[in-house]
Amino acid sequence: MSVEVRIEPGRIARLLRRRGGRVERKLRERTERVARIAEREAPGSMGEYITWKVQDGPRGLKGVIVCDHPAVRFVLDGTRPHIIRPRRARALRFEVDGRVVFSAFVRHPGTRPNNFMARALRLGR
């Protein structure tokens, strides 16, 4: 007596991607590793706002890393030169060389992009 077992195309891939399987464990490990690198690479306190998770996607499981810091877009994309004006006061107050300085506006030179998330993904491979 012979028994034939046929597995339809794509079935093996679906079995490997199911929750709790080997593929999910590896995906969790890599996603967590990349998230930890992103935390180290992030400027200032931005690393404290990084979270990660593994979720179902249209083609199986996917790892997702999110940074919820309010200024993350300005860091990732950079900024153009712009003028900073006071919102609730008549002047800006800051220190220069130990002296307190007041100004009606400041010409900010802009910032270069710092794509620490893409850098973390490259380093986490």
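Let me begin with the hairpin, where β4 and β5 pair in the antiparallel sense over five bridges; two strands are said to pair if DSSP finds at least two bridges between them. Helices (H or I, at least four residues) and strands (E, at least two) are DSSP runs, numbered from the N terminus. Please keep in mind that this is a predicted model, in which local features need pLDDT of at least 70 and side-chain atom pairs count only at pLDDT 80 or more, while totals for chains, interfaces and linings use all residues. Residues are numbered from 1 along each chain as its sequence is written, and side-chain values use heavy atoms, with hydrogens and water left out.

Within the hairpin, Arg93 stands opposite Phe102 in β5, and Phe94 stands opposite Val101 in β5. Two residues lie between β4 and β5, and Asp97 sits in this loop, between β4 (92–96) and β5 (99–103). Phi of Asp97 is near 55°, a positive value in a residue other than glycine. As a general point, most residues other than glycine have a negative phi. Is Asp97 buried or exposed? Asp97 is exposed, with a relative accessible area of 80%, where exposed means over 50%, buried under 20% and partly exposed in between (1.4 Å probe, protein chains only).

Stepping back to the whole chain, the protein has four helices and six strands, and along the sequence these follow the pattern α-α-β-β-α-β-β-β-β-α. Of the 125 residues, 22% count as buried. The accessible surface comes to about 10,300 Å², of which 51% belongs to carbon and sulfur atoms; such areas come from the Shrake-Rupley method with a 1.4 Å probe, and for residues only the protein chains shown count as cover. Among contacts (heavy atoms within 4.5 Å) between residues at least 6 apart in sequence, 55% join residues at least 24 apart.

Leu76, in helix α3 (residues 72–77), brings distant parts of the sequence into view: Leu76 and Asn114 are 38 residues apart in sequence and 5.0 Å apart in space, C-alpha to C-alpha. Leu76 is buried, with a relative accessible area of 15%, and, leaving aside its neighbours within four places in sequence, Leu76 is in contact with Pro113, Asn114, Asn115, Phe116 and Met117.

Met117 takes us on to the largest pocket, which is lined by Leu27, Arg30, Thr31, Val34, Gly63, Val64, Ile65, Met117 and Leu121. The elements that give two or more residues to this lining are α2 (22–41), β2 (60–67) and α4 (116–123), and α2 gives the most, with four residues. The volume of the largest pocket is about 190 Å³. On a 1 Å grid over the protein atoms alone, a pocket is an open set of points with protein on both sides within 12 Å along at least five of seven lines, and lining residues have an atom within 4 Å of a point. By class, the lining has six nonpolar, two polar and one charged residues, with Asp, Glu, Lys and Arg counted as charged, Ala, Val, Leu, Ile, Met, Phe, Trp, Tyr, Cys and Pro as nonpolar, and the others, Gly among them, as polar.

One of the lining residues is Thr31, which is found in helix α2 and, at 6% relative accessibility, counts as buried. Apart from its neighbours within four places in sequence, Thr31 is in contact with Trp52, Lys53, Val54, Gly63, Val64 and Ile65.

Technical notes. On a 1 Å grid over the protein atoms alone, a cavity is a set of points where a 1.4 Å probe fits but cannot get out, and a pocket is an open set with protein on both sides within 12 Å along at least five of seven lines; lining residues have an atom within 4 Å of a point. Grid points are joined across faces, edges and corners, and a volume is the space filled by probe spheres set on the points.
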